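User: I am new to this structure and would like to be led through it by questions and answers. Please begin once the sequence and model are shown.

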Amino acid sequence: MQSVNKVLDFVWPQQLVSDQSAQWIFECFSWALANFDRQEFFQRCVLVQPSNDFFPGNVSSVQAKAQNIFKHSLRYAGLCHWPFQLVEPADLSPLPVVDLQLQSFSRNSATALEKVTAVQPISISYNPQQTLKPEDLSASFAHLFAQHLLVQYKQLPPGGETHLLEASEVLAVFMGFGVLLANSAYTFRGGCGSCFNPAANRKANLTEAEIVFATALFAELKGIPKAGACKHLKKHLKSSYNIALRQIRNLTKGRSLQRQMMIS
């Protein structure tokens, strides 16, 4: 029996990410739960999936497609009450970051909150090529939203200034975009480059494995079954998800994951 277990351990790795990466992702989630609306996370936040159920709408142009994806992504992020506006790439001007001077932080994707006012809107744009890959475009929007949350909150995440982009990507997973971020983290070029369009791809800051690990942590905290969480994951990521679940459960050692997040 012992030899069989050794073979299984060889075939089925114990870890998806290093202990250091796993601990940092745990810390990022604890930080996000403490600072970015725990109630929104547990009561209303959903695991966004790349399907027409999540992104309905008939569009007839590149601009309309981008606007539709932006609208739905903003709603899932719980930030419809923020003064975001989508502008065409040619119309985006380099303006200073809008300071919303928030007295408190709240996300709410279910009900209309009092609008956050600003002297000028927060303008973001998009890569028109990414409308060919809506999954990548929504993931890119989610990462931008998360970066603005960090800027407005004015508090460094775990890892400090050197990990701002990586931490904002974890925050985007925390907001429910893990499947989209994982699926768009790496694009295989394949044997023929004629159908490969690098301009349509999203630039990831975390590794594919780290995003899958963070997505599994999101699903575990939310009580989302593996079948539901993996339904739209790319095929080669489903085995990684299984390893991530095993690693997370080994790290918690039978303790309540939610409790561990509160005290980490």
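**The largest pocket**

Analyst: In this predicted model, H5 gives the most to the lining of the largest pocket, with 4 residues.

User: Which strand supplies at least two residues of the lining of the largest pocket, alongside helix H5 (134–153)?

Analyst: Two elements each supply at least two residues of this lining. One of them is helix H5 (134–153), and the other is strand E2 (122–124).

User: What is the volume of the largest pocket, and which residues are the closest to its centre?

Analyst: The volume of the largest pocket is about 280 Å³. The pocket is lined by 15 residues. The closest to its centre are Leu-95, Val-97, Ile-122, Ser-123 and His-148.

User: How many residues of the lining of the largest pocket are charged?

Analyst: The lining divides by class into 10 nonpolar and 5 polar residues. The number of charged residues in the lining is none.

**Two packed helices**

User: Is helix H6 roughly parallel or roughly perpendicular to helix H7?

Analyst: Two packed helices are described by the angle between their axes and the distance between the axes. Helix H6 (residues 164–183) and helix H7 (residues 208–222) have axes 8 Å apart and pack at an angle of about 110 degrees. Angles of 65 to 115 degrees count as roughly perpendicular. H6 is therefore, with respect to H7, roughly perpendicular.

User: How many nonpolar residues does the contact of H6 with H7 have?

Analyst: On the H6 side the contact includes Val-173, Phe-174 and Leu-181, and on the H7 side it includes Ile-211, Val-212 and Phe-218. Glu-169 in H6 and Glu-208 in H7 are also among the residues that meet. By class, the contact has 3 polar residues, 2 charged residues and, as the number asked for, 9 nonpolar.

**One residue in helix H9**

User: Is Ser-240 buried or exposed?

Analyst: Ser-240 is found in helix H9 (residues 235–252). The cut-off for a buried residue is under 20% relative accessible area. Because Ser-240 has 17% relative accessibility, Ser-240 counts as buried.

User: Which residues is Ser-240 in contact with, leaving aside its neighbours within four places in sequence?

Analyst: Val-212, which lies in H7 and meets H6, is one of these contacts of Ser-240. With the neighbours within four places set aside, the residues in contact with Ser-240 are Leu-16 and Val-212.

**The whole chain**

User: How many helices and strands are there in the protein chain?

Analyst: Along the sequence, the pattern is α-α-α-α-β-β-α-α-α-α-α-α. The totals are 10 helices and 2 strands.

User: What percentage of the residues of the protein chain count as buried?

Analyst: The protein chain has 264 residues. The share of them that count as buried is 46%.

Terms used. Residues are numbered from 1 along each chain as its sequence is written. This is a predicted model: local features need pLDDT of at least 70, side-chain atom pairs count only at pLDDT 80 or more; totals for chains, interfaces and linings use all residues. Side-chain values use heavy atoms; hydrogens and water are left out. Axes are lines fitted to C-alpha atoms, for helices over the stretch in contact, and angles run from 0 to 180 degrees between N-to-C directions. Angles under 35 degrees count as roughly parallel, over 145 as roughly antiparallel, 65 to 115 as roughly perpendicular and the rest as oblique. Contact means heavy atoms within 4.5 Å. Ala, Val, Leu, Ile, Met, Phe, Trp, Tyr, Cys and Pro count as nonpolar, Asp, Glu, Lys and Arg as charged, and the others, Gly among them, as polar. Buried means under 20% relative accessible area, exposed over 50%, partly exposed in between (1.4 Å probe, protein chains only). On a 1 Å grid over the protein atoms alone, a cavity is a set of points where a 1.4 Å probe fits but cannot get out, and a pocket is an open set with protein on both sides within 12 Å along at least five of seven lines; lining residues have an atom within 4 Å of a point. Grid points are joined across faces, edges and corners, and a volume is the space filled by probe spheres set on the points.
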